[in-house]
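Here's a quick briefing to read with the model open beside you. Take it one topic at a time, and try to find each residue as you go.

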Amino acid sequence: MAARHHAPTAFSDRLALGFTKLLRWAADTFFAKRYGHRAIVLETVAAVPGMVGASLTHLRCLRRMVDDQGWIRTLMEEAENERMHLMTFVAIAKPTAFERWTILLAQWLFYLGFFVLYLLSPRTAHRVVGYFEEEAVLSYTLYLEEIDAGRTPNVPAPAIALHYWQMPADARLRDVVLLVRADEAHHRDINHGFASQLAGMPGESGPPAPYPPHADTVLH
C-alpha cells in the first residue's frame with residue numbers, strides 16, 4: 001500500500017504533525033515491536049476522535065439548523081470501526097493489568113484534550129487524526145513485516161474478525177492486519193480531507209483509500 005502524506009501548509013498542521021511524532025516516539029519507546037499490545041492501547045485512543053467529532057458536529061448542526069453533509073455518520077462509523085479493531089486485537093494479544101491501567105489514563109487524558117481541541121479548532125483536530133492514521137498505516141506495515149519474518153506467529157483470525165470483515169474461515173492474523181491497515185488508510189484520507197475542507201483548501205489529491213466491507217451487525 002502506497003503511503004500518502006499530507007505536507008503541512010500552516011502552523012496548525014505543523015503543530016498537529018509534531019504532536020503526532022511525539023506520541024509515535026512514546027509508543028515506539030514503550031511497546032517496541034510488541035505490535036499486538038501496541039494496537040490494543042492505541043486503538044482505545046483511536047476510537048475517541050470519531051465519537052467526539054460526531055457529537056460536536058451533531059450539536060453544531062442542531063444549533064445552526066443546518067445539514068451535516070454526511071459528516072456525523074462518517075465519524076460515528078469511524079469510531080465503531082476503531083472499536084472493532086480493539087476487540088479484534090484483544091482476542092489476539094491479551095492486555096496485561098498494567099496496559100489496562102495505561103488505557104484508562106490515556107483514554108481520559110486524550111478524550112478531554114481532543115474535546116477541547118475540537119471545540120477550538122476542528123480543522124486542527126481532523127489534521128491530528130489524519131497524521132495519527134498515517135502513523136497507524138506505518139505501524140501495521142511494520143506488523144506485517146514481523147509476521148512475514150516469522151517473529152510474530154501468524155495465528156488464526158479470531159471469530160470477531162471473521163464476522164466483521166466477512167473473512168473466510170481459514171483467514172489468519174496477516175489477513176486481519178491487511179484489512180485493519182486498509183481501514184486506517186481510509187480514515188487517514190477522510191480526516192485529511194475534512195481538515196482541508198474546513199481550511200477552505202482543495203481536497204486531498206486522489207480519492208480516499210478503499211474501505212473494506214464490514215458486517216452490519218456486531219458479533220457478541
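Which residue forms a salt bridge with Arg83, and how far apart are the closest N and O atoms? The partner is Glu80, and those atoms sit 3.0 Å apart. Keep in mind that this is a predicted model. Arg83 will come up again further down, when we get to a pocket.

**The overall picture**

- The protein chain has seven helices and zero strands.
- Read from the N terminus, the elements go α-α-α-α-α-α-α.
- The chain has 220 residues, and 47% of them are buried.

**Salt bridges**

- There are four salt bridges in the structure, and here we'll look at some of them.
- Back to Arg83 and Glu80: both belong to helix α3, which covers residues 71–92. They're three residues apart, or about one turn of the helix.
- Are Arg83 and Glu80 buried, exposed or partly exposed? Arg83 has a relative accessible area of 36% and Glu80 has 27%. Partly exposed covers the range between 20% and 50%, so Arg83 fits that label, and so does Glu80.
- Another salt bridge pairs Arg174 with Asp148, and here the closest N and O atoms are 2.6 Å apart. Arg174 is in helix α7 (residues 173–198) while Asp148 is in helix α5 (residues 122–148), so this pair ties together parts that are 26 residues apart in sequence.
- Both partners in that pair are partly exposed: Arg174 has a relative accessibility of 29%, and Asp148 comes in at 48%.
- Then there's Arg188, which forms a salt bridge with Asp189, with 2.7 Å between the closest N and O atoms. Are these two buried or exposed? Both Arg188 and Asp189 are buried.

**A pocket to look into**

- The second largest pocket has a volume of about 230 Å³.
- How many residues line the second largest pocket? There are 14, and the ones nearest its centre are Ala47, Val48, Met51, Ala79 and Arg83. So yes, that's the Arg83 that forms a salt bridge with Glu80.
- Helices α2 (35–64), α3 and α4 each give two or more residues to the lining of this pocket.
- Which element gives the largest share of that lining? It's α3, with six residues.
- Sorted by class, the lining has eight nonpolar, two polar and four charged residues.

**A nonpolar patch on the surface**

- Trp108, Tyr111 and Leu112 make a nonpolar surface patch of about 340 Å².
- Trp108 is part of helix α4, which covers residues 97–120.
- Trp108 has a relative accessible area of 56%. Exposed means over 50%, so Trp108 earns that label.

**Two glutamines with a positive phi**

- Gln69 isn't a glycine, but it has a positive phi of about 60°. Look for Gln69 in the loop between α2 and α3.
- Gln69 is exposed, with a relative accessible area of 61%.
- Gln166 isn't a glycine either, and its phi is positive too, at about 55°. You'll find Gln166 in the loop between α6 (159–164) and α7.
- Is Gln166 buried or exposed? Gln166 is exposed, at 51% relative accessibility.

**Distances across the chain**

- Phe11 is in helix α1, which covers residues 11–31. Its relative accessibility is 60%, which counts as exposed.
- Phe11 and Thr124 are 113 residues apart along the chain, and their C-alpha atoms are separated by 9.7 Å.
- Pro153 sits in the loop between α5 and α6. It's exposed, with a relative accessible area of 57%.
- How far apart are the C-alpha atoms of Pro153 and Arg172? They're separated by 9.7 Å, with the two residues 19 apart along the chain.

Conventions. Residues are numbered from 1 along each chain as its sequence is written. This is a predicted model: local features need pLDDT of at least 70, side-chain atom pairs count only at pLDDT 80 or more; totals for chains, interfaces and linings use all residues. Side-chain values use heavy atoms; hydrogens and water are left out. A salt bridge is a side-chain nitrogen of Lys or Arg within 4 Å of a carboxyl oxygen of Asp or Glu. Helices (H or I, at least four residues) and strands (E, at least two) are DSSP runs, numbered from the N terminus. Buried means under 20% relative accessible area, exposed over 50%, partly exposed in between (1.4 Å probe, protein chains only). Patches are made of residues with over 30% relative accessible area and no salt bridge: like charges are joined within 9 Å, nonpolar side chains (Val, Leu, Ile, Met, Phe, Trp, Tyr) within 5 Å. Accessible areas come from the Shrake-Rupley method with a 1.4 Å probe; for residues, only the protein chains shown count as cover. On a 1 Å grid over the protein atoms alone, a cavity is a set of points where a 1.4 Å probe fits but cannot get out, and a pocket is an open set with protein on both sides within 12 Å along at least five of seven lines; lining residues have an atom within 4 Å of a point. Grid points are joined across faces, edges and corners, and a volume is the space filled by probe spheres set on the points. Ala, Val, Leu, Ile, Met, Phe, Trp, Tyr, Cys and Pro count as nonpolar, Asp, Glu, Lys and Arg as charged, and the others, Gly among them, as polar.
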